[in-house]
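Visitor: Before we begin, I should like to see the model and to ask how certain descriptive terms are justified.
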Amino acid sequence: MPKDSDTPRMRKLRLRKPDATDGADIWALVKDCKPLDENSMYCNLVQADHFRDTCVVAEIDGDIVGWVSGHMIPDREELFVWQVAVSPTARGLGLGKTMLQELIQRDACGDATHLKTTITQDNAASWSLFRGFARAIGGRLDDEPHFEREAHFEGRHDTEHMVTITLPTVTTLARAA
């Protein structure tokens, strides 16, 4: 008996470390995710190659639909998340939070006691993502102005607030699971 062709096909999500060949696809994704700052394709290639242990690519059926770029801040036990991008075709699935949870569980991030990111005051989607992430992991979220409009951006960009989320210990994460 043939399968009902009107039944939606289950899409397969895969989270993984990026590699250099993903650079162009990551760049195209970020470009498609306004209001994220577009970096050069070369920047995304270097992130995917040099910082792969602290970045996440999300694929659905082989297509890149999510990206988190991050790095451990030198000489500190802090993970800095630079960008979180989710394709319009994958929004509403909780993918941003899922990628962040994947990232903090990586060995490369095992020493991190805090996750940091910067967000402009008017970026409601990012505030919602990081507040929801903090709640989900039982972390505390604090913020303060960091890169200021006049002092750092010559008046050309809104102030970026440094968001700090206290990360749970491994034992706390295990209990929450």
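Guide: In this predicted model, G96, K97, L100, Q101 and I104 of α3 are in contact with L129, F130, G132, F133, A136 and I137 of α4. By class, that contact has seven nonpolar, three polar and one charged residues.

Visitor: What makes α3 oblique to α4?

Guide: The axes of α3 (residues 95–104) and α4 (residues 124–137) cross at roughly 50° and come within 10 Å. Angles under 35 degrees count as roughly parallel and those from 65 to 115 as roughly perpendicular; the crossing at roughly 50° fits neither class, and α3 is therefore oblique to α4. The crossing of α3 past α4 is right-handed.

Visitor: Why are the buried residues of α1 said to be on the same side of α1?

Guide: The buried residues of α1 (residues 23–31) are G23, I26, L29 and V30. They cover an arc of only 125° around the axis, and so they lie on the same side of α1. Their cover includes α2 (41–50), β2 (56–60), β3 (63–72) and β4 (78–86).

Visitor: Why does D75 count as exposed?

Guide: Exposed means over 50% relative accessible area; D75 has 84% relative accessibility and therefore counts as exposed. D75 lies in the loop between β3 and β4, and its phi is near 65°, a positive value in a residue other than glycine.

Visitor: What makes E154 exposed?

Guide: The relative accessibility of E154 is 58%, so E154 counts as exposed by the cut-off of over 50%. E154 is in the loop between α5 (149–153) and β7 (160–166), with a positive phi near 50°.

Conventions: Residues numbered from 1 in each chain as written. Predicted model: local features only at pLDDT ≥ 70, side-chain atom pairs only at ≥ 80, totals over all residues. Heavy atoms only, no water. Buried < 20%, exposed > 50% of the residue type's maximum accessible area, 1.4 Å probe, protein only. Helix = DSSP H or I, 4+ residues; strand = E, 2+ residues; numbered from the N terminus. Arc of directions from axis to C-beta. Contact = heavy atoms within 4.5 Å. Axes fitted to C-alpha atoms, helices over the stretch in contact; angles between N-to-C directions. Parallel < 35°, antiparallel > 145°, perpendicular 65-115°, else oblique. Left-handed = near helix turned anticlockwise from the far one by under 90°. Nonpolar A, V, L, I, M, F, W, Y, C, P; charged D, E, K, R; others polar.
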